[in-house]
Amino acid sequence: MNFGDILDAWEKTQSQADLKKCIREKGVFKPVDRAVSYKRLPIQATLDLHGMTATEAETAMDVFIKNAKKRGLSKVLIIHGKGIHTKTGESVLRETVADFIYRCPFTGSHGQPSAADGGSGATWVIIKQ
């Protein structure tokens, strides 16, 4: 059994809420890089902000994040768009989402998902419990 198999088996036995994961290697516990751990968590809920104004998006994100926290979710996805239909070619809501995540006390780490999950047109967010 190689290290990857051991890690996969171990991750299947851990709860998603336990983000402070450690792996056992040669009798020594070592912390796993949190960014890698966060990327491996599945997206548990999605909010699509397409067509909303910044004010509408702020309200929708507030309700969405609070609801995710109440439900005990660990990782959510916020789709803000890439801006390909705007006059400037830039996402109108990307900065709104980033500002909200920074200010919200219930959000933690965040990042850009894979292309399959929206790429630069979306942001994954870890919900603090």
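## Strand β4 and its surroundings

Lys75, Leu77 and Ile79 point one way from β4, Val76 and Ile78 point the other way, and all are buried (under 20% relative accessible area, 1.4 Å probe, protein chains only). Five of the five residues of β4 (residues 75-79) are buried, so this strand is largely enclosed by the rest of the structure. Keep in mind that this is a predicted model, where local features need pLDDT of at least 70 and side-chain atom pairs count only at pLDDT 80 or more. Residues are numbered from 1 along each chain, and side-chain values use heavy atoms, leaving out hydrogens and water.

**The sheet**
- Four strands make an open sheet with mixed pairing, in the order β3-β4-β6-β5; strands here are DSSP E runs of at least two residues, and helices are H or I runs of at least four.
- β3 and β5 (107-111) sit at the edges with a single partner strand each, so one side of each has no neighbour in the sheet.
- β3 (residues 45-48) pairs with β4 in the parallel sense over four bridges (pairing takes at least two DSSP bridges), and threonine 46 stands opposite leucine 77.
- β4 and β6 (residues 122-127) run antiparallel, joined by five bridges, with threonine 123 in β6 as the bridge partner of isoleucine 78.

**Helix α3**
- α3 lies across β3, β4, β5 and β6, running at about 165° to β4.
- α3 (residues 54-70) and α4 (residues 94-103) pack at about 40°, with their axes 10 Å apart.
- Ala54, Glu58, Met61, Asp62 and Ile65 in α3 meet Thr96, Val97, Phe100 and Arg103 in α4, contact being heavy atoms within 4.5 Å.

Terms used
Axes fitted to C-alpha atoms, helices over the stretch in contact; angles between N-to-C directions. Buried < 20%, exposed > 50% of the residue type's maximum accessible area, 1.4 Å probe, protein only.
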